[in-house]
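Grab your viewer and a pencil. Below is a short set of exercises, each with a solution you can follow step by step.

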Amino acid sequence: SLLFFATPEFPKIGLTITRWISKDLFPRYFDAGVRRIQATSLDGYDEVHRWLGALGLEREAVLPAFGRNGEDFVQFAKVKR
């Protein structure tokens with residue numbers, strides 16, 4: 001599972017970190033034997049969801065009432081085929 005923390009400063013590094021994750025980090029994971037990379041994000045965070053899509057993760061499911069206060073979350077994954 002991926003774990004990212006958001007910050008208002010993210011746009012300053014967004015393009016660089018996106019390229020690094022896509023071109024270096026994920027390929028290393030898959031080369032090491034990882035078969036699935038997944039992330040779960042609060043429903044409604046459309047900008048984050050677009051970014052996860054840019055990383056190659058696909059929307060898989062909505063997890064209703066998954067959050068501590070009953071918030072819905074969305075699960076994304078990239079699977080080595």
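The exercises go from the sheet to the helices, then on to a pocket and two single residues, and keep in mind that this is a predicted model.

**Exercise 1. Work out the strand order of the open sheet and find which strands sit at its edges.**

Solution. Start with the pairing: the sheet is open, has three strands and is antiparallel. Reading across, the order is E1-E3-E2. Now look for strands that pair on one side only: these are E1 (36–42) and E2 (58–63), the edge strands. Going from one strand to the next, the twist averages 25°.

**Exercise 2. Take E2 and E3: how many bridges join them, and which residue in E3 stands opposite Glu 58?**

Solution. First locate E3, which covers residues 73–79. Its antiparallel pairing with E2 runs over five bridges. Next, look across from Glu 58, and you land on Ala 77 in E3.

**Exercise 3. Find which strands H1 touches and which strands H2 lies across, then give the angle of each helix to E1.**

Solution. Begin with H1, residues 14–31: this helix packs on the sheet and touches E1 and E3. Its direction makes about 130° with that of E1. Then turn to H2, residues 46–54, which lies across E1, E2 and E3. The angle between H2 and E1 comes out at about 170°.

**Exercise 4. Describe the largest pocket: its volume, its lining and the elements that contribute to it.**

Solution. Volume comes first: about 680 Å³. Next, the lining: there are 21 residues, with Phe 4, Phe 5, Ala 6, Val 48 and Trp 51 lying nearest the centre. Then ask which elements give two or more residues to that lining, and you get H1, E1 and H2. Finally, sort the lining by type: 16 residues are nonpolar, four are polar and one is charged.

**Exercise 5. Decide whether Ser 41 is buried or exposed, and list what it touches beyond four places in sequence.**

Solution. Place the residue first: Ser 41 is in strand E1. Its relative accessibility is 7%, and the cut-off for buried is under 20%, so Ser 41 counts as buried. Leaving out residues up to four places away in sequence, Ser 41 touches Val 48, His 49, Leu 52, Phe 73, Val 74 and Phe 76.

**Exercise 6. Where is Ala 65 found, and what is notable about its phi?**

Solution. Look at the loop between E2 and E3, where Ala 65 is found. Then check the backbone: phi of Ala 65 is near 55°, a positive value in a residue other than glycine.

Key:
Residues are numbered from 1 along each chain as its sequence is written. This is a predicted model: local features need pLDDT of at least 70, side-chain atom pairs count only at pLDDT 80 or more; totals for chains, interfaces and linings use all residues. Side-chain values use heavy atoms; hydrogens and water are left out. Two strands pair if DSSP finds at least two bridges between them. Helices (H or I, at least four residues) and strands (E, at least two) are DSSP runs, numbered from the N terminus. Axes are lines fitted to C-alpha atoms, for helices over the stretch in contact, and angles run from 0 to 180 degrees between N-to-C directions. Contact means heavy atoms within 4.5 Å. On a 1 Å grid over the protein atoms alone, a cavity is a set of points where a 1.4 Å probe fits but cannot get out, and a pocket is an open set with protein on both sides within 12 Å along at least five of seven lines; lining residues have an atom within 4 Å of a point. Grid points are joined across faces, edges and corners, and a volume is the space filled by probe spheres set on the points. Ala, Val, Leu, Ile, Met, Phe, Trp, Tyr, Cys and Pro count as nonpolar, Asp, Glu, Lys and Arg as charged, and the others, Gly among them, as polar. Buried means under 20% relative accessible area, exposed over 50%, partly exposed in between (1.4 Å probe, protein chains only).
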